[in-house]
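Student: I am new to this structure. Please take me through one part of it closely, the salt bridges and what surrounds them.

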Amino acid sequence: MALPLSYNTRNLIVRWKVTMLAVGAIALVVAVLVVLIAMANGFRLALQATGSAQNAVVTQRGSGGELTSGFDFEESRAVALDDRVARDANGNAIASPEIFVVASLPKRDTGTLVNVSLRGVTGAAFSVRQGVRMIEGRSFTPGLNEIIIGKKAAARYAGVAVGDTVRMQRRDWLITGVFEANGGGFESELWGDLDVMAAAFQRRGSYQSLTVRLRDPAAVAAFSAEVEKNPRLTVQLVQERKYYDDQSAQVSGPLLALAVFVAIVMGIGAVFGAMNTMFAIVAARTREIGTLRALGFSRSSIMLSFVLESTLLALAGGVVGCLIAIPANGVSSAAGGANFAEVAFAFRITTPVIVAAMGMALAMGLAGGFLPAWRASRVPITAALRA
């Protein structure tokens with residue numbers, strides 16, 4: 001015969017001080033886990049939004065990113081003229097050759113100089129990346145020292161409003177507009193004319209990346225294999241979405257590993273805390289346990305009852321921890337990307353994150369309640385009644 005659930009809930013309410021301590025310890029672990037995973041999740045989603053399944057990115061073979069990449073015009077032309085690259089109404093390849101450099105700008109809140117990404121582009125960049133659109137001011141004029149800034153960068157750095165001038169490479173650059181890019185990583189960058197920026201940053205004679213629009217996205221694997229095998233080329237071709245997934249893994253991976261490590265360390269502490277709490281409850285309820293045994297409840301029923309109490313404590317702690325962490329959803333932050341420049345992103349608490357956190361809480365409850373429950377079930381009836 002099993003003990004009713006109401007018996008367990010009443011016990012938790014009557015011993016509310018002990019209950020609150022156990023719930024608080026588990027809630028703290030869950031809240032920290034959720035926030036750290038939300039941080040890694042937000043960074044990953046920000047870079048995922050940067051890529052398109054219709055595009056492919058060409059970089060130097062073996063390079064870890066655009067900053068360490070470099071190839072000449074002829075290689076760029078050889079890829080862009082391939083029949084698998086889409087054409088515009090005039091028959092021109094929809095391909096965007098680009099350079100990528102890093103400069104420093106002061107943060108709006110502290111004034112501290114941080115790295116920021118600058119991208120030299122042509123007008124083709126706006127055709128290849130259809131999600132990029134101006135939301136304030138105008139685009140830069142080719143041939144002039146003008147730049148446009150992403151929405152997230154405009155909110156994060158000081159002195160970058162439309163009409164402001166920033167000093168880089170001993171030149172003054174006029175900010176002419178603000179653009180958005182579907183919330184992706186491009187919103188953390190500054191864009192200017194390719195030729196002007198190549199001259200200013202000594203990048204003449206080569207590109208660092210080439211982004212092309214494909215006629216058929218399914219052809220990317222065969223296209224990539226042919227590029228890799230071509231002995232005249234020193235470049236690699238990767239689907240744009242996969243490219244930015246790989247870039248995000250270099251940061252989100254360690255963040256996720258940190259979240260798991262911290263959760264395990266704090267979780268062990270919370271398990272021992274829950275175990276001590278349950279052992280104290282067992283010691284205080286020895287006579288009660290003996291009475292239950294005398295009334296005919298089996299050892300397995302008593303053991304199940306105490307495990308259930310521990311589980312209820314853990315689930316309550318999980319819910320409280322998630323509620324504590326939820327205000328962090330959407331909070332803006334930034335992290336250094338693979339190119340050593342900041343990428344702005346927002347914390348993202350998704351359903352899988354909540355499920356993982358509640359699973360962690362449940363595991364802590366079961367681990368912390370098993371031994372005390374086993375001990376409670378092994379208390380002899382006569383010894384319990386004499387206690």
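Tutor: A nonpolar core is a set of buried Ala, Val, Leu, Ile, Met, Phe, Trp, Tyr and Cys residues joined through side-chain atoms within 4.5 Å. Keep in mind that this is a predicted model. The largest such core here has 42 residues. Leu 118, Ile 149, Val 166, Met 168, Trp 173, Phe 201 and Leu 237 touch the most other members. Set apart from that core is another, of 22 residues. Among its members are Val 30, Val 34, Phe 43 and Ala 361. In soluble globular proteins, nonpolar side chains tend to be buried together.

Leu 118 deserves a second look. Leaving aside neighbours within four places in sequence, Leu 118 contacts Ile 99, Phe 100, Val 101, Val 102 and Ala 103. The list also includes Met 168, Leu 190, Met 197 and Phe 201.

Now the charged pairs. The count of salt bridges comes to 12. One of them joins Arg 119 and Glu 189, with the closest N and O atoms 2.8 Å apart. Arg 119 lies in strand S3 (residues 113-121) and Glu 189 in strand S8 (residues 189-193), so this pair ties together parts 70 residues apart in sequence. Both Arg 119 and Glu 189 are buried.

Next, Arg 133 and Glu 180. Their side chains meet in a salt bridge, 3.0 Å from N to O. Arg 133 sits in strand S4 (residues 133-137) and Glu 180 in strand S7, so the pair links parts 47 residues apart in sequence. What about cover? Arg 133 is partly exposed, at 37% relative accessible area. Glu 180 has 18%, and buried means under 20%, so Glu 180 counts as buried.

Stay with Glu 180. Its strand, S7, covers residues 171-180. A polar contact of 3.4 Å joins the side chains of Glu 180 and Lys 151. Beyond its neighbours within four places in sequence, Glu 180 is in contact with Gly 131, Val 132, Arg 133, Ile 135, Lys 151 and Glu 187.

A further salt bridge pairs Glu 146 with Arg 138, their closest N and O atoms 3.0 Å apart. Glu 146 is buried, with a relative accessible area of 7%. Arg 138 is partly exposed, at 39%. Elsewhere, salt bridges that share partners join Glu 66, Glu 98, Arg 119, Arg 129, Glu 189 and Glu 240 into one network. Arg 119 and Glu 189, the buried pair, belong to that network.

Another arginine, Arg 87, is worth a stop. Arg 87 is in the loop between helix H3 (73-80) and strand S2 (95-106). At 25% relative accessibility, Arg 87 is partly exposed. The side chain of Arg 87 reaches the backbone oxygen of Val 85 at 2.8 Å. The same side chain reaches the backbone oxygen of Leu 81 at 3.3 Å. Arg 87 and Arg 213 are 126 residues apart along the chain, yet their C-alpha atoms are separated by 8.3 Å.

Last, two helices. Val 29 belongs to helix H2 (residues 16-48). Val 29 is buried, with a relative accessible area of 3%. The C-alpha atoms of Val 29 and Gly 269 are 9.2 Å apart, across 240 residues of chain. Phe 272 is in helix H8 (residues 240-284). Together with Val 260, Ile 264 and Ile 268, Phe 272 makes a nonpolar surface patch of about 370 Å².

Conventions:
Residues are numbered from 1 along each chain as its sequence is written. This is a predicted model: local features need pLDDT of at least 70, side-chain atom pairs count only at pLDDT 80 or more; totals for chains, interfaces and linings use all residues. Side-chain values use heavy atoms; hydrogens and water are left out. Helices (H or I, at least four residues) and strands (E, at least two) are DSSP runs, numbered from the N terminus. Buried means under 20% relative accessible area, exposed over 50%, partly exposed in between (1.4 Å probe, protein chains only). A polar contact is a pair of N or O atoms within 3.5 Å; within protein, one must be able to donate a hydrogen and the other to accept it, and residues adjacent in sequence count only if both atoms are side-chain atoms. Contact means heavy atoms within 4.5 Å. Patches are made of residues with over 30% relative accessible area and no salt bridge: like charges are joined within 9 Å, nonpolar side chains (Val, Leu, Ile, Met, Phe, Trp, Tyr) within 5 Å. Accessible areas come from the Shrake-Rupley method with a 1.4 Å probe; for residues, only the protein chains shown count as cover. A salt bridge is a side-chain nitrogen of Lys or Arg within 4 Å of a carboxyl oxygen of Asp or Glu.
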